[in-house]
Amino acid sequence: MWDRHNRDYALLTEDNCRDLIDGIRSQGQQEFPAIVRPVDDEDYDFEVICGARRHFAVSWLRANNYTQFKYLIEARQMSDEEAFRLADIENRDREDISDYERALDYADAVARYYGGKQKAMAERLEVSQPWLSRYLQLAKLPQAIVEAFPNIREIRERNARELKPLLAQPDTSRAVLEEAGAIGREQDRARAGRGSFVDAATVMRRLTRAGKPVQPKPEVEGKTYRRSTHDKGICGG
């Protein structure tokens with residue numbers, strides 16, 4: 001894999017690639033070749049720019065008694081910036097690459113290829129600046145919040161928008177991060193087989209609740225009963 005591929009290969013599994021595995025098996029081959037480029041490396045001739053899931057699916061099939069399948073590729077010469085844009089175009093509308101994976105890719109690219117200029121990057125990708133800005137904001141989520149989710153594929157762009165105002169204020173930010181740390185420890189215990197994972201929806205409910213101060217209940221004035229106009233009276237509900 002290209003070391004700046006926008007998909008985390010370690011997160012690919014038989015389950016989340018099942019549709020592709022079944023599709024390749026039923027069709028007898030890949031429908032579309034992966035895009036690769038030549039590299040000067042002692043161990044490899046090419047690096048994969050687009051096609052991580054296809055690579056995983058074919059590798060899984062070959063390891064499970066379907067050795068007739070080959071990993072089909074199309075080799076191209078391209079710069080790193082061109083490789084980044086090609087990978088982004090191919091994966092931008094796919095739901096199987098998470099918002100957070102895409103956000104990290106964009107955050108790296110804006111500094112690496114566009115001198116930190118969001119406008120230049122948005123123009124090259126042909127997207128709006130507000131759209132790009134939301135993903136760059138997602139990449140800035142504190143690590144404690146990232147670790148509060150069961151895995152990074154569960155983190156959505158809207159989560160960063162919902163948490164942004166809470167993280168902007170010192171008091172609410174402190175409370176949110178403390179709760180995130182507590183949730184993260186629960187997730188660690190689940191990974192160690194000592195409990196259940198906290199799902200993403202529950203994570204967000206707990207984080208937002210932690211960042212909202214408890215409002216005191218308004219005092220309810222009761223009626224005052226007097227025996228006469230000069231009596232102080234007795235309050236009743």
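This is a short walk through one chain, from its overall make-up to single residues.

Morning, everyone. What you see is a predicted model. Let's start with the whole chain. There are 10 helices and 5 strands. The chain has 237 residues, and buried ones make up 37% of them. Now take the contacts between residues at least 6 apart in sequence. Of these, 64% join residues at least 24 apart.

Next, the core. The largest nonpolar core holds 40 residues. Which of them touch the most other members? They are Phe 84, Tyr 106, Met 121, Leu 141, Ile 145 and Leu 207. Helix 4, residues 99-112, gives this core its largest share, with 5 residues. There is also a second, separate core. That one has 11 residues, including Ala 52, Val 58, Trp 60 and Leu 61.

Let's stay with Met 121 for a moment. Set aside residues up to four places away in sequence. Met 121 then touches Phe 84 and Tyr 106. Its other partners are Ala 109, Val 110, Tyr 114 and Leu 132.

On to helix 3. Please find residues 80-91. That is 12 residues, reaching 16 Å from the first C-alpha to the last. The span is close to the 16 Å expected at 1.5 Å a residue. Which residues of helix 3 are buried? Glu 81, Ala 83, Phe 84, Arg 85, Ala 87, Asp 88 and Asn 91. What do they pack against? Two strands and two helices: strand 1 at 34-38, strand 2 at 46-50, helix 4, and helix 5 at 118-125.

Helix 6 comes next, residues 129-138. Its buried residues are Leu 132, Tyr 135, Leu 136 and Leu 138. Look down the helix axis. These residues fall within an arc of 155°, so they line one face of helix 6. Among the elements covering them are helix 4, helix 5 and helix 8, the last at 157-167. Now look at the N-terminal end of helix 6. Ser 128 caps it. A side-chain oxygen of Ser 128 lies 3.2 Å from the backbone nitrogen of Trp 131.

Back to helix 2, residues 52-63. Two residues here deserve a stop. Arg 54 sits in this helix. Is Arg 54 buried or exposed? It counts as buried because its relative accessible area is 10%, under the 20% limit. Leave aside neighbours within four places in sequence. Arg 54 is then in contact with Leu 20, Gln 30, Phe 32, Pro 33, Ala 34, Tyr 71 and Glu 90.

Ala 57 is in helix 2 too. Its relative accessibility is 0%, so Ala 57 is buried. Beyond neighbours within four places, Ala 57 contacts Leu 20, Ile 21 and Ile 24. Now compare Ala 57 with Arg 25. In sequence they are 32 residues apart. In space, C-alpha to C-alpha, they are 9.5 Å apart.

Further along, go to helix 9, residues 170-191. Glu 179 lies there. At 22% relative accessibility, Glu 179 is partly exposed. With neighbours within four places left out, Glu 179 is in contact with Arg 206, Leu 207 and Ala 210. You met Leu 207 earlier, in the largest core. Glu 179 and Ala 144 are 35 residues apart in sequence. Their C-alpha atoms are 9.2 Å apart in space.

A word on cysteines. A disulfide is a covalent bond between the sulfur atoms of two cysteines. How many disulfides does a search of the whole structure find? The count is 0. Cys 17 is buried, at 0% relative accessible area. Cys 50 is buried as well, also at 0%.

Last, two loop residues with unusual backbone angles. Why call them unusual? Because most residues other than glycine have a negative phi. The phi of Asn 65 is positive, near 75°. Where is Asn 65? In the loop between helix 2 and strand 3, which spans 73-75. Asn 65 counts as exposed, at 73% relative accessibility.

Glu 126 also has a positive phi, about 60°, and is not a glycine. Look for Glu 126 in the loop between helix 5 and helix 6. Glu 126 is exposed, with a relative accessible area of 73%.

That's the tour. Thank you.

Terms used: Residues numbered from 1 in each chain as written. Predicted model: local features only at pLDDT ≥ 70, side-chain atom pairs only at ≥ 80, totals over all residues. Heavy atoms only, no water. Helix = DSSP H or I, 4+ residues; strand = E, 2+ residues; numbered from the N terminus. Buried < 20%, exposed > 50% of the residue type's maximum accessible area, 1.4 Å probe, protein only. Contact = heavy atoms within 4.5 Å. Disulfide = S-S within 2.5 Å. Core = buried A, V, L, I, M, F, W, Y, C linked by side-chain atoms within 4.5 Å. Expected span 1.5 Å × (residues − 1). Arc of directions from axis to C-beta. Polar contact = N/O pair within 3.5 Å; in protein donor to acceptor, adjacent residues only side chain to side chain.
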